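Please take the sequence and the structure together, and follow the description below from the enclosed spaces outward to the sheets and helices.

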Amino acid sequence: MTDIVIIGAGHVGLTLLADLQLTKPFHGCTGVLLAFDHTGVLDQRARDRTRLTMENLVTGAVEGVVLDPAQFGSLWSEQGHEALQRAGTIFVTVPDIPDLRLDLLDHLERTVDLAGKLIVFVRGGQGGQPVLAKWIRDTPQVQDTSVVLVEDSFYGTRVLGERIQFKRKISVNVSVYSPEPDAALATLRGMFPLGTQISRPSWPDMAVTDGIDLQFNPLGYIIHVGVALDPANLAKTREGIRYTHYVEGISPELATRLDLLDQERVMLAEAMGAQAQTFPDIIQRQYGLPPQPTFHTMMQSCRPIYRSLSSGSIEELRTSRVLLEDMPAFHTIRWLASACGIDMPYTSAYFDDVLDRLKEIGADWPRYTAYLPYLDKIDGSTAELKELLNHPHRKRTEV
């Protein structure tokens, strides 16, 4: 029986599949990876990756992973449907791009019996978190379904052909939406069974936070969009020059601006009664790196960890998840600030600059605002937002 389905055949999905295969002697689960792409191109590419090499960036350890071709498929195929029906746990590693997320929720709701299953949304606290919480509240088919939102990937990872360079994070924040939260958390932790090596319940450690807190953990609209659309970095992209996004892409001057945006994000969270960490604090928590005196030096200290490269052209940037996932999240942050009456001057000025840069490169604006009609159907008062983001299974009549 298939125990786990992973939806999304990108770097995170493939790394998760390979890691679950390596740790299978501990948890006994079998994973299947389903490509989201309707064309099956990703499916075929993944099928060719049945022999992988996992290189741990911290320890230097190298392990081989052998996968069965039957562990790869398409979400839209009959095989994919059968795998979803059998699975006890479904991981979603597809980016929180509005049209993809909404398409996926519709597909799951219409075609799969979700009762009793655990659905784990990696990078769950992005722009679509309020929309997802409203879907849970309004959808009868998921009232007996457990949903866990993860702040970010379980790994720092990059796939190079058949070689996966990765670092398992020490800790990731999660929010548990479930009629039985303790059981759901125990199930998730059981799939990451190496916790004894770091004296934690699992590796990564799943640190439970309220849903309202998780909404403010991701900051891709700052650290991704801000770096990619910085004029100096855009000039490199126009020339086809790739740079390491989190290190070479962040100059001292840009770091100063990103730091101000980061502080306003934390301020907004506090104004809504949520707890949020600055990005340097998140890096220290996730990777165990020592603190540094400035935002810039903190990012430079990530050189051994962050290997992500920038887009190689303006055309590639236009269709990258850097814009398609993080611009919608930016609109959600602005919606939250507006709904709660919070002024964020640095963020507002930055947003105007971003719009100018998007216009300059001919980016596709309508896709970035696709969550807004759904957000506008949500009661924007602070109390109602907190209740929805913390307890979506609970109906208003039960509050």
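In this predicted model, the largest cavity has a volume of about 60 Å³. Its lining is made up of Gly 125, Gln 126, Gly 127, Gln 215, Pro 218, Leu 219, Gly 220, Tyr 221, Ala 329 and Ile 333, and helix 9 (220–223) and helix 17 (326–340) each contribute at least two residues to that lining. Sorted by class, the residues around the largest cavity are 5 nonpolar and 5 polar, with no charged residues. The structure holds 3 cavities of 30 Å³ or more.

The second largest cavity encloses about 40 Å³ of space, and the residues that line it are Val 12, Thr 93, Val 94, Pro 95, Val 122, Arg 123 and Arg 321. By class, the lining of the second largest cavity has 4 nonpolar, 1 polar and 2 charged residues. One of these lining residues, Arg 123, also deserves a look for its backbone: Arg 123 has a positive phi of about 60° although it is not a glycine. Most residues other than glycine have a negative phi. Arg 123 is placed in the loop that runs between strand 7 and helix 6.

From that loop one can go on to helix 6. Helix 6 (residues 129–138) packs with helix 20 (residues 382–390) at an angle of about 70°, and the axes of the two helices are 9 Å apart. Because angles from 65 to 115 degrees count as roughly perpendicular, helix 6 is roughly perpendicular to helix 20. On the side of helix 6 the contact is made by Gln 129, Pro 130, Ala 133, Lys 134 and Arg 137, while helix 20 brings Glu 387, Leu 388 and Leu 389. By class, this contact of helix 6 with helix 20 has 4 nonpolar, 1 polar and 3 charged residues.

Strand 7, at the other end of the same loop, leads to an open sheet of 8 strands, whose order is 5-2-1-6-7-8-11-12 and whose pairing is mixed. The edge strands of this sheet are strand 5 (72–74) and strand 12 (205–208), each of which pairs on one side only. On average, and with direction ignored, neighbouring strands of the sheet are turned by 25° against each other. At one of these edges, strand 11 (residues 171–177) and strand 12 pair in the parallel sense over 4 bridges, and Asn 173 stands opposite Ala 207 in strand 12.

Helix 7 (residues 181–190) lies across strand 6 (89–92), strand 7 (118–122), strand 8 (146–150), strand 11 and strand 12, and the direction of helix 7 runs at about 155° to strand 12. In the loop between helix 7 and strand 12 lies Pro 204, which is joined to Trp 203 by a cis peptide bond with an omega of about 5°. Most peptide bonds are trans.

Strand 11 also takes part in an open space. The second largest pocket contains about 270 Å³ of space, and of the 15 residues that line this pocket, the closest to its centre are Val 176, Tyr 177, Ser 178, Asn 390 and His 391. Strand 11 gives the most to the lining of the second largest pocket, with 3 residues. By class, the lining of this pocket has 6 nonpolar, 7 polar and 2 charged residues.

There remains a further sheet to trace. In this open sheet, 4 strands follow the order 4-3-10-9, and their pairing is mixed. Strand 4 (62–66) and strand 9 (155–160) stand at the edges with a single partner strand each, so one side of each is left without a neighbour in the sheet. Neighbouring strands here are turned by 25° against each other on average, direction ignored. Strand 3 (residues 51–56) and strand 4 pair in the antiparallel sense over 5 bridges, and Arg 51 stands opposite Val 66 in strand 4. Helix 1 (residues 11–22) packs on this sheet, where it touches strand 3, strand 4, strand 9 and strand 10 (163–168), and the direction of helix 1 makes about 100° with that of strand 9.

Note on methods. Residues numbered from 1 in each chain as written. Predicted model: local features only at pLDDT ≥ 70, side-chain atom pairs only at ≥ 80, totals over all residues. Heavy atoms only, no water. Axes fitted to C-alpha atoms, helices over the stretch in contact; angles between N-to-C directions. Parallel < 35°, antiparallel > 145°, perpendicular 65-115°, else oblique. Contact = heavy atoms within 4.5 Å. Nonpolar A, V, L, I, M, F, W, Y, C, P; charged D, E, K, R; others polar. Pairing = 2+ DSSP bridges. 1 Å grid on protein atoms, 1.4 Å probe; cavity = no way out; pocket = protein on both sides within 12 Å on 5 of 7 lines; lining within 4 Å. Points joined across faces, edges and corners; volume = space filled by probe spheres on them.
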